[in-house]
Amino acid sequence: MNDLFARHRAVSPDWLTLYYDRPLEITHGEGRHVWDADGKRYLDFFGGILTTMTAHALPEVTKAISEQAGRILHSSTLYLNRPLVDLAERVATLSGIPDARVFFTTSGTEANDTALLLATTYRGSNQILAMRNSYHGRSFSTVSVTGNRGWSPTSLSPLQTLYVHGGVRTRGPYAELTDAEFIAACVRDLEDLLGHTRRPAALIAEPIQGVGGFTSPPDGLYAAFREVLDRHGILWISDEVQTGWGRTGDHFWGWQAHARNGPPDILTFAKGIGNGMSVGGVVARSEVMNCLDANSISTFGGSPVTMAAGLANLTYLLDHDLQGNARRVGGLLVERLRALAARVPSVHEVRGRGLMIGIELVEPGTDRAAPEAAAAVLEAAREGGLLIGKGGGHSTSVLRIAPPLSLSVAEAEEGASILGEALRAAG
Ligand code: PMP
């Protein structure tokens with residue numbers, strides 16, 4: 001293991017960070033558990049960054065992958081691809097976007113990059129509105145709409161980005177306001193900003209900010225924004241890379257928490273749909289999707305094996321109502337965590353929705369972020385046999401909990417008690 005770590009360090013970029021003082025090599029998984037190279041078993045509450053959506057080694061997905069792999073791995077976008085059309089039809093219907101077209105990519109970054117290409121071309125503008133504390137990917141275009149200093153390594157950009165208030169409810173200048181006042185203040189800020197801009201193409205936003213520490217505005221903010229955007233003809237791109245497919249329990253998509261005036265113009269997805277296979281994509285109404293007047297392909301996007309995996313995974317998710325499970329088990333988990341956290345002075349807030357739960361840590365008695373405490377809890381949880389993640393905007397001080405959506409009540413209770421111990425030990 002130490003040898004592998006040394007080899008990783010020697011050959012990989014320095015900015016490719018690993019979790020833990022002694023990084024973990026995960027060798028296999030089953031259900032909601034994974035095992036390391038020493039044979040130690042862990043309850044997995046992070047799912048490889050919200051990507052193992054249903055379960056590890058789900059037999060239905062494994063079978064679909066191996067059957068498709070036995071037939072053909074690749075043919076390219078030059079030929080008809082049945083699993084791609086099957087999955088695209090289902091995603092188009094599920095998206096809620098009328099007259100929807102679907103384009104598959106290999107990652108969330110590439111999906112958002114495509115959304116930016118569509119919106120800027122459709123509107124003939126390179127101005128983009130994005131949220132502070134956001135994360136949209138690692139490419140040259142997506143880091144330039146990422147309002148999180150820790151994940152945006154350059155300010156050189158093909159886009160002119162203007163950052164809007166509202167992604168973070170409990171920090172910043174509007175934190176003390178009521179929900180209705182908060183929304184009104186953010187809308188006024190947006191309107192003021194638009195008074196100083198030329199002709200923005202789109203607003204891109206995560207309904208719940210993932211990398212930013214599972215922060216979100218009050219329900220309805222994006223609906224209120226939508227009314228303003230509509231007046232100016234500005235498109236709304238909902239980045240559902242973390243919030244899609246029922247993860248938030250209450251809704252199938254994160255945008256539905258804001259839905260009173262309908263779906264976004266463009267929706268992007270990735271992570272969970274492939275359950276670990278590289279599937280990302282964009283949905284847009286045909287008028288927007290078809291605005292490009294040149295060819296565009298993703299050689300690997302929509303490859304038959306990944307599409308077969310996505311189809312099997314989506315079928316399992318819907319047949320077993322994993323959205324309902326996320327609501328029920330996530331609700332119980334958040335309650336347990338709130339009860340445990342009430343006794344830990346470094347916990348500032350336990351927030352979340354469904355199986356997307358954040359615990360923000362501060363220096364006790366202040367609202368100063370406590371990244372060392374978050375790192376210590378991560379280590380202690382690992383020792384206790386639980387894997388969690390972390391995130392956060394100004395510093396990495398939010399614990400992120402996002403298990404596969406098939407989590408059982410017993411596993412939720414077990415994970416909560418390990419985390420309770422870890423919080424007490426570290427904070
Ligand atoms: N958007 C969001 C909201 C994300 O959380 C991520 C990944 N963390 C991305 C886009 C980029 O996805 P990928 O890493 O698959 O390129």
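In this predicted model, a backbone N or O atom of Gly108 sits 2.9 Å from an oxygen atom of the ligand. The neighbouring position in the sequence numbering, Thr109, takes part through its side chain, with a polar atom lying 2.5 Å from an oxygen atom of the ligand. Asp239 also uses a polar side-chain atom, here placed 2.7 Å from a nitrogen atom of the ligand. These three residues belong to a wider surrounding group of 13, whose closest members are Gly108, Thr109, Asp239, Gln242 and Lys271.

Turning from the ligand to the packing of helices, a convenient place to start is helix H10 (residues 304–319), which packs with helix H4 (residues 82–95) at an angle of about 40°, the two axes being 8 Å apart. At that angle H4 and H10 are therefore oblique to each other, and their crossing is left-handed. On the H4 side, the contact is built from Pro83, Leu84, Asp86, Leu87, Arg90 and Leu94. H10 contributes Pro304, Met307, Ala308, Gly310, Leu311, Leu314, Thr315 and Leu318. Sorted by class, the contact of H4 with H10 comprises ten nonpolar, two polar and two charged residues.

H10 also packs with helix H3 (residues 59–71), again with axes 8 Å apart, at an angle of about 155°. H3 and H10 are therefore roughly antiparallel to each other, because angles over 145 degrees fall in that category. The crossing of H3 and H10 is right-handed. H3 supplies Glu60, Val61, Ala64, Ile65, Gln68 and Ala69 to the contact, while H10 supplies Pro304, Val305, Ala308, Ala309, Ala312, Asn313 and Tyr316. In the contact of H3 with H10, ten residues are nonpolar, two are polar and one is charged. Pro304 and Ala308 of H10 take part in the contact with H4 and also in the contact with H3.

A further pair is formed by helix H7 (residues 179–194) and helix H8 (residues 221–232), whose axes come within 9 Å and cross at roughly 25°. This crossing angle makes H7 roughly parallel to H8, since the category covers angles under 35 degrees. H7 passes H8 in a right-handed crossing. The residues of H7 in this contact are Ile183, Cys186, Val187, Leu190, Glu191 and Leu194. Facing them from H8 are Leu221, Ala224, Phe225, Val228, Leu229, Arg231 and His232. The class breakdown for the contact of H7 with H8 is ten nonpolar, one polar and two charged residues.

Conventions
Residues are numbered from 1 along each chain as its sequence is written. This is a predicted model: local features need pLDDT of at least 70, side-chain atom pairs count only at pLDDT 80 or more; totals for chains, interfaces and linings use all residues. Side-chain values use heavy atoms; hydrogens and water are left out. Axes are lines fitted to C-alpha atoms, for helices over the stretch in contact, and angles run from 0 to 180 degrees between N-to-C directions. Helices (H or I, at least four residues) and strands (E, at least two) are DSSP runs, numbered from the N terminus. Angles under 35 degrees count as roughly parallel, over 145 as roughly antiparallel, 65 to 115 as roughly perpendicular and the rest as oblique. A crossing is left-handed if the near helix is turned anticlockwise from the far one by less than a right angle, and right-handed if clockwise. Contact means heavy atoms within 4.5 Å. Ala, Val, Leu, Ile, Met, Phe, Trp, Tyr, Cys and Pro count as nonpolar, Asp, Glu, Lys and Arg as charged, and the others, Gly among them, as polar. A residue is near a molecule or strand if one of its heavy atoms lies within 4 Å of it. A polar contact is a pair of N or O atoms within 3.5 Å; within protein, one must be able to donate a hydrogen and the other to accept it, and residues adjacent in sequence count only if both atoms are side-chain atoms.
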